[in-house]
Amino acid sequence: MKNLVFLCIGTTKIIGDSIGPKVGDKLKNQGVNAYVYGNSQRQVTAINVDDYAKMIKARHKDDIVIVIDSALGKLKDIGAIKVTQNGIKPGGAFDKNKERIGDIGILAVVGDADGNRMQELKDRDENFISHLVDKVAEFAKGLLFKAVSLGAVQGAETQEQVFVY
């Protein structure tokens, strides 16, 4: 059976970008039966995400990798959780030229991409972010349960589904 690997991207230095490490904390504290990379103590950021991606490819080449990150989106989507098959491209809000990582992406839309992007990430409300962290962690644990019960997650073309909580 394949293992699940969670790669939780972000930094606690910027409230809107803290979804990944805070979800990593929750998953670790709840003792999920999966590998969890990225939390408040060991953050996965734009500086080291490529190193983590290489390490995960080497150590977990046959496993299912779920990448969790904050995102900026349309005004109407703020508060939504977007799930993508075929992972994500980290740093998309700032047009970073990073390679796609993972099999599944979970993106929490925290702000408006049409505004000042850094300000959108900095000006988020702590309660709003905490609510999204809880919902993303709950969703991630649901994926873990589903993957275990099915024996694997089947691949597909890149698709996006939006879950608004």
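Start by selecting L4 and I64: I64, in β3, is the bridge partner of L4. Helices (H or I, at least four residues) and strands (E, at least two) are DSSP runs here, numbered from the N terminus. Before moving on, keep in mind that this is a predicted model, in which local features need pLDDT of at least 70 and side-chain atom pairs count only at pLDDT 80 or more, while totals for chains, interfaces and linings use all residues. Residues are numbered from 1 along each chain as its sequence is written, and side-chain values use heavy atoms, with hydrogens and water left out.

**Stop 1: β3 and its partners**

Now widen the selection to strands β1 (residues 4–8) and β3 (residues 64–73). The two run parallel and are joined by five bridges; strands pair if DSSP finds at least two bridges between them. Next add β5 (residues 104–112), which also runs parallel to β3, with eight bridges between them. In that pairing, look for D69, which stands opposite L107 of β5.

Is β3 covered or open? It is mostly covered, with 10 of its 10 residues buried, where buried means under 20% relative accessible area, exposed over 50%, and partly exposed in between (1.4 Å probe, protein chains only). Turn the strand to see both faces: I64, I66, I68, S70 and L72 are buried on one side, and V65, V67, D69, A71 and G73 are buried on the other.

**Stop 2: D17**

Select D17, in the loop between β1 and α1 (19–29). With a relative accessibility of 19%, D17 counts as buried. Setting aside residues up to four places away in sequence, D17 touches I9, G10, T11, D69, S70 and L121; a contact means heavy atoms within 4.5 Å. Two of the residues on that list, D69 and S70, should still be on your screen from β3.

**Stop 3: the nonpolar cores**

Colour I19, L27, I68 and I106 next: these have the most contacts inside the largest nonpolar core, which has 30 residues. Such a core is a set of buried Ala, Val, Leu, Ile, Met, Phe, Trp, Tyr and Cys residues joined through side-chain atoms within 4.5 Å. The elements giving two or more residues to this core are β1, α1, β3, β4 (80–85), β5 and α4 (126–150). Its largest share, eight residues, comes from α4.

Centre the view on I68. Apart from its neighbours within four places in sequence, I68 is in contact with residues including F6, I19, V23, L27, I106, V136 and A140. Then find the second, separate core of 16 residues, which includes A53, V65, A71 and I88.

**Stop 4: helix α2**

Select α2 (residues 49–59), whose buried residues are V49, Y52, A53, M55 and I56. Look down the helix axis: these buried residues line one face because they fall within an arc of 165 degrees, the arc being that of the directions from the helix axis to the C-beta atoms. They pack against β1, β2 (35–37) and β3. Rotate to the other side, and you will find D51, K54, K57 and A58 exposed.

**Stop 5: salt bridges**

A search of the whole structure finds four salt bridges, each being a side-chain nitrogen of Lys or Arg within 4 Å of a carboxyl oxygen of Asp or Glu. Show E126 and K22, whose side chains meet at 2.9 Å, N to O. E126 is in helix α4 and K22 in helix α1, so the pair ties together parts that are 104 residues apart in sequence.

Now show K26 and D134, another salt bridge, with the closest N and O atoms 3.1 Å apart. This pair also links distant parts of the chain, from K26 in helix α1 to D134 in helix α4, 108 residues apart. K26 is partly exposed at 27% relative accessibility, and D134 is partly exposed at 39%.

Next, go to D77 and K82, which meet in a salt bridge at 3.3 Å, N to O. D77 is buried, with a relative accessible area of 10%, and K82 is buried at 15%. Add K76 to the selection to see the network of salt bridges linking K76, D77 and K82.

**Last stop: N86 and the whole chain**

Select N86, in the loop between β4 and β5. N86 is not a glycine, yet its phi is positive, near 75 degrees. Most residues other than glycine have a negative phi. N86 is partly exposed, with a relative accessible area of 26%.

Finally, zoom out to the full chain, with four helices and six strands in the order β-α-β-α-β-β-β-α-α-β. Of its 165 residues, 48% count as buried.
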